[in-house]
Amino acid sequence: MDEKHSTHATNKPQSQQMSHTEHMADMKDMDPMNMQMQQNEDHHGMNQMEHMDHQHMSGNHGGHMMSMGNMKKKFWISLVLMIPILLFSPVMGIKLPFTMSFPGSEWLVLVAATIIFFYGGEPFFKGAWGELRARKPAMMTLITLGTGVAYIYSVYVFIMNEFVGGHMMDFFSEEATLIVIMLLGHWLEMNAIMNAGNALEKMAQLLPGEAHVQTEDGQVVDRPLADVQTGQTVVVRGGESIPTDGRIISGQSAINESLVTGEAKAIEKQVGDTVIGGSINGDGALTVEVTGTGENGYLAQVMQLVSKAQQDKSKTETLADRVAGWLFYAALTFGVLAFIFWWINADLATALSRMVTVLVIACPHALGVAIPLVVARSTSIAAANGLLIQQREAIEKARHLSHVLLDKTGTLTEGKFTVNTIKSLTERLTDHQVLSLIASLEAHSSHPIATGVLAAAKAQQLEPAAAENVQAIKGVGMSGTIAGETYEIVTAPFLKQHEINYDDRQYDQLAQQGNSVSYLISDKQVLAILAVGDQIKPEAKKFIADLKAMSITPVMLTGDNAQTAKKVATSLGIDEFKAQLLPEDKEKVVRDYQSRGDKVMMVGDGVNDAPALVRANIGVAIGAGTDVAIDSADVVLVHSDPADVVNFLKLAKATQRKMIENLWWGAGYNVITIPLAAGILAPIGFVLNPAVGAAVMSLSTIVVALNAMTLRLKK
């Protein structure tokens, strides 16, 4: 059977609604989480706790991240403080029509500029520190350089003008406007991506903070989950989260594993059955022997895969950061050369003034909003078309994409299976009895195959018998007890693995017709064969053709048999496919492609897809998938329509084009004005007037804003 037997979503149980703070506090001490939450700084100088808590926040250049609320607050306070600066201080030495002054107005400007510098500029200073520690100066360093030089020099000018006597020009207005514009740009960008959640946080919320541990004398005591050891016994009461992986030694209950495996319906379990940490107990009380906790637990292992992939992905350097890095070095070089040139050919005051002018003109006013405005426009267009872009980097990565990995069931096919063949292979059962038995087991599953079987049973007016102890066999099928006899629905590879004889020619014939083939067995004897077929979505073939037209290779992934996979792939024109995959195999498939240098998009919908979604260069979650899958993804398809993948790629291409155009407008003026401000044409009598530089700077900002608004999606 297809791997989706264990990858469908349900709503989060009420017992899971614990606060983020409580969960994070509880999880800090857990073994599997220590690797994610200990206060070790990553390559950007940000500890992992910050990375998890603020993964989808902005301002993360160099590692410093802020919440959207803090950025918004800083913007508005700084904006208000900027007003008196613009009213009472000349801009680049020019008194504008509204410029005014009164005795002591200079002190008001100094105070307002100082508050803006230290309060509003704080996130940029911390970000610059992270960039410099990583030896990768970028946007934050460029902002800090410009604002820092402007503020320090302006304080020096204030002292000279007030106490020594002079008429030097300050840069308080430039310092204030740059900080306010950059805060606005980052706020816009954050606002555009704040739909994102946090996959690790959602996973952490599946486990309780404490476990009811049964001591040797039979007493039950509550202990932190970090203190629970393999081999101990824990008690799980009705409605509680199961704290660890384990084996039931007493009691029986219906277990909801939907948030871990994706299986929607509760599974009846009794003594001897295994349970997974993070699943939800039903009404029954259980005593469980711990078989896996800490880093050995299933959920912890999935979390470690997600965390490692997140860390690897966070190393990506954005195009805007690269441009800002080049500008930083250019401004610093021209500034120093200008200082040396004018010191030799004029005097120290002139040299200092020219150097400061160069560094202030290099301030990325337009560059600061060039990308955020495009991102805000792009995410707005995307949301209107059923696309939620959770990571800005996905837009930039899309242009390098070489492969799209697609799940078969529900993505390329309808996910609506119909029973094409059901045949008893033993004299003691009729075909109707076989269908009734299979329907009894499948009644406990939400998989599309189960839906098809139940529909066939209903059409034949069969009433499935009551099944007990029904369990999902991971990546294989179902098992359960009916009228005292244990039955299993399994795949052909399962039969081979357990050396159970079956007619492989019959199997090949049905599989080659595009069927998913399963067997009903009992006591290692094959009782019946079941063949169900799924219809290919009408739009799937065009979708695959569109991907190929973009020079992107589609790859189909499925847990189904190779023959069925080949038939579907051939029908759609897919040359590469991977069949008979277990759910955990997907992340490895992604890594295999990436190890060859390929850039990969992964499309998935379940918790088991989360590591692959994060590992992929771009992770795309189907909107009907689990919360964890959605929070692991860079992009969410709200309408679960694969054609939206093409829409995203087209929008990403258009967005990338606008980004590059805006970067040219935002940085292009620096290419011209920095050398002119340094005095490169001084030998012929031309030195850029700071006022002209300010005018060009403002014009550049207006141009990038208008250009961003012209972004469109051609579906």
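Two strands count as paired if DSSP finds at least two bridges between them. Keep that in mind for the first stop. One caution as well: this is a predicted model.

Start at strand 5, residues 253–256. Strand 5 pairs with strand 6, residues 267–269, in the antiparallel sense, over 3 bridges. One residue pair to click on: S253 has K269 in strand 6 as its bridge partner. Now strand 8, residues 280–281. Strand 5 and strand 8 are joined by 2 bridges and run antiparallel. Here N256 stands opposite I280.

Put these together. The 3 strands make an open sheet, in the order 6-5-8, with antiparallel pairing. Strands 6 and 8 are at the edges with a single partner strand each, so one side of each has no neighbour in the sheet.

Which side chains of strand 5 are buried? S253 and I255, and they point to one face. A254 and N256 point to the other face and are not buried.

Next, a loop residue. T244 lies between strand 3 (233–236) and strand 4 (245–250). Is T244 buried or exposed? Its relative accessibility is 2%, so T244 counts as buried; the cut-off for buried is under 20%. Leaving aside neighbours within four places in sequence, T244 has contacts that include L225, V228, V275 and I276. G277, V290, G292 and T293 are also in contact with T244.

Move on to strand 16, residues 515–522. Of its 8 residues, 8 are buried, so the strand is largely enclosed by the rest of the structure. Take the faces in turn. N515, V517, Y519 and I521 are on one side, and S516, S518, L520 and S522 are on the other. Both faces are covered.

What does strand 16 pair with? Strand 15, residues 485–490, pairs with it in the antiparallel sense over 3 bridges. V490 has Y519 as its bridge partner there. Strand 17, residues 525–536, is joined to strand 16 by 8 bridges, again antiparallel. In that pairing, L520 is partnered by A528. Strands 16 and 17 form a hairpin, with 2 residues between them. Look at D523 in the turn: its phi is positive, about 55°.

S516 also gives us a link to a helix. I449 is in helix 18, residues 448–459. The C-alpha atoms of I449 and S516 are separated by 8.8 Å, and the two residues are 67 apart along the chain. I449 is buried, with a relative accessible area of 0%.

Now the nonpolar cores. How many residues does the largest one have? It has 106. L412, M601, I618, F648 and L649 have the most contacts inside it. Helix 26, residues 643–678, gives the most to this core, with 15 residues. A second, separate core has 24 residues, among them F417, L437, L530 and V532.

Back to L412 for its contacts, again without neighbours within four places in sequence. They include L406, D407, I536, K537 and A540. F543, I544, M556, L572 and I574 are in contact with L412 too.

Last stop, the surface. W107, I159, F163 and V164 form a nonpolar patch, with about 430 Å² of accessible area together. Helix 7, residues 139–165, gives the most to the patch, with 3 residues. W107 has its place in helix 5, residues 105–120. At 41% relative accessibility, W107 counts as partly exposed.

How values were computed
Residues numbered from 1 in each chain as written. Predicted model: local features only at pLDDT ≥ 70, side-chain atom pairs only at ≥ 80, totals over all residues. Heavy atoms only, no water. Patch = residues over 30% accessible without salt bridge, like charges linked within 9 Å, V, L, I, M, F, W, Y side chains within 5 Å. Areas by Shrake-Rupley, 256 points an atom, 1.4 Å probe, with all protein chains shown as cover. Salt bridge = Lys/Arg side-chain N within 4 Å of Asp/Glu carboxyl O. Helix = DSSP H or I, 4+ residues; strand = E, 2+ residues; numbered from the N terminus. Buried < 20%, exposed > 50% of the residue type's maximum accessible area, 1.4 Å probe, protein only. Core = buried A, V, L, I, M, F, W, Y, C linked by side-chain atoms within 4.5 Å. Contact = heavy atoms within 4.5 Å.
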